[in-house]
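The exercises below are meant to be worked with the sequence and the coordinates open side by side. Each task is followed by a solution that proceeds step by step.

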Amino acid sequence: TKALLWVAGGYKIIIAGSEVVGNKIINKLSLTLELMQMPSCIKTINGKEIEQLVLNGHREIVLVGINLAFYGDEYGITLTDAVEVCSSVEGVQRIRLGSLEPEKILDSDLERLSENKKFCPQFHLSLQSGCDKTLRNMNRKYTSAEYEQLVEKIREKFDSPSITTDI
């Protein structure tokens with residue numbers, strides 16, 4: 001089950017795999033931060049708030065959101081920056097990402113993520129269709145060949161990555 005724990009400063013914190021009994025959350029397995037495209041989000045993804053979450057028993061951070069790979073574009077930061085902020089906090093053991101838009105994942109992001117020991121190489125990449133005409137009609141900004149190249153790059157950078165998709 002998932003329980004919404006807190007909504008504050010531009011993100012939702014969701015505990016996945018937890019049981020809610022009264023007002024208490026039992027078995028805190030992982031924590032999900034749903035990043036919103038809001039200026040306040042930039043202000044709130046900081047080490048101090050993540051430290052407090054760790055003090056509350058959370059060890060895994062999962063960053064999710066609509067257009068997740070575009071996080072921070074208008075403010076000159078990236079999703080990889082948010083991963084690094086989470087990773088810098090002692091006590092955080094794992095960081096995962098939700099569904100990503102393939103056209104936004106840069107080689108530099110893959111390089112930085114591959115160097116992060118707390119990052120779990122689990123990539124859910126939205127393919128939508130293997131037909132380039134359909135992708136164009138859906139207003140997707142990538143082709144099936146570009147998608148395949150990205151998968152190859154991920155496999156080169158990470159040892160045994162998990163790569164999933166939706167079609």
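**Exercise 1.** In which sense do strand 6 and strand 7 pair, and over how many bridges?

*Solution.* The model is a predicted one, and in it strand 6 pairs with strand 7 (residues 94-97) in the parallel sense, over 4 bridges. Within this pairing, glutamate 60 stands opposite arginine 94 in strand 7. Turning to accessibility, one finds that strand 6, which comprises residues 60-64, is mostly covered, since 4 of its 5 residues count as buried.

**Exercise 2.** Determine the order of the strands in the open sheet that contains strand 9, and identify its edges.

*Solution.* The sheet is made of 3 strands in the order 8-9-10, and their pairing is parallel. Strand 8 (99-100) and strand 10 are the edge strands, each of them pairing on one side only. Looking next at strand 9 and strand 10, one counts 5 bridges between these parallel strands, and here histidine 124 is found opposite threonine 164 of strand 10.

**Exercise 3.** Compare the expected span of helix 6 with the distance between its end C-alpha atoms, and then examine its buried residues.

*Solution.* Helix 6 covers residues 144-157, and because each residue should contribute 1.5 Å, its 14 residues should span 20 Å; the end C-alpha atoms are 20 Å apart, in agreement with this. Its buried residues, taken as those under 20% relative accessible area, are Tyr147, Leu150, Val151 and Ile154. These residues lie on the same side of helix 6, because the arc that they cover around the axis is only 100°. Among the elements that cover them are helix 4 (107-114), strand 9 (122-126) and strand 10 (162-166). As for orientation, helix 6 lies across strand 9 and strand 10, and runs at about 175° to strand 9.

**Exercise 4.** Which residues of helix 3 are buried, and how are they arranged around its axis?

*Solution.* In helix 3 (residues 79-87), the buried residues are Leu79, Thr80, Ala82, Val83, Cys86 and Ser87. Viewed down the axis, the buried residues of helix 3 fall within an arc of 155°, so they line one face of the helix.

**Exercise 5.** Where does the pLDDT stay under 50, and what is its mean for the protein chain?

*Solution.* For the protein chain the mean pLDDT is 77, with 72% of the residues reaching 70 or more. The pLDDT stays under 50 over residues 1-31, a stretch for which the model has 85 contacts beyond four places in sequence. Residues 36-44 also have a pLDDT below 50, and the model gives this stretch 26 contacts beyond near neighbours in sequence.

Technical notes: Residues are numbered from 1 along each chain as its sequence is written. This is a predicted model: local features need pLDDT of at least 70, side-chain atom pairs count only at pLDDT 80 or more; totals for chains, interfaces and linings use all residues. Side-chain values use heavy atoms; hydrogens and water are left out. pLDDT is the predictor's confidence in each residue, from 0 to 100. Contact means heavy atoms within 4.5 Å. Helices (H or I, at least four residues) and strands (E, at least two) are DSSP runs, numbered from the N terminus. The expected span of a helix is 1.5 Å times one less than its number of residues. Buried means under 20% relative accessible area, exposed over 50%, partly exposed in between (1.4 Å probe, protein chains only). The arc is that of the directions from the helix axis to the C-beta atoms. Two strands pair if DSSP finds at least two bridges between them. Axes are lines fitted to C-alpha atoms, for helices over the stretch in contact, and angles run from 0 to 180 degrees between N-to-C directions.
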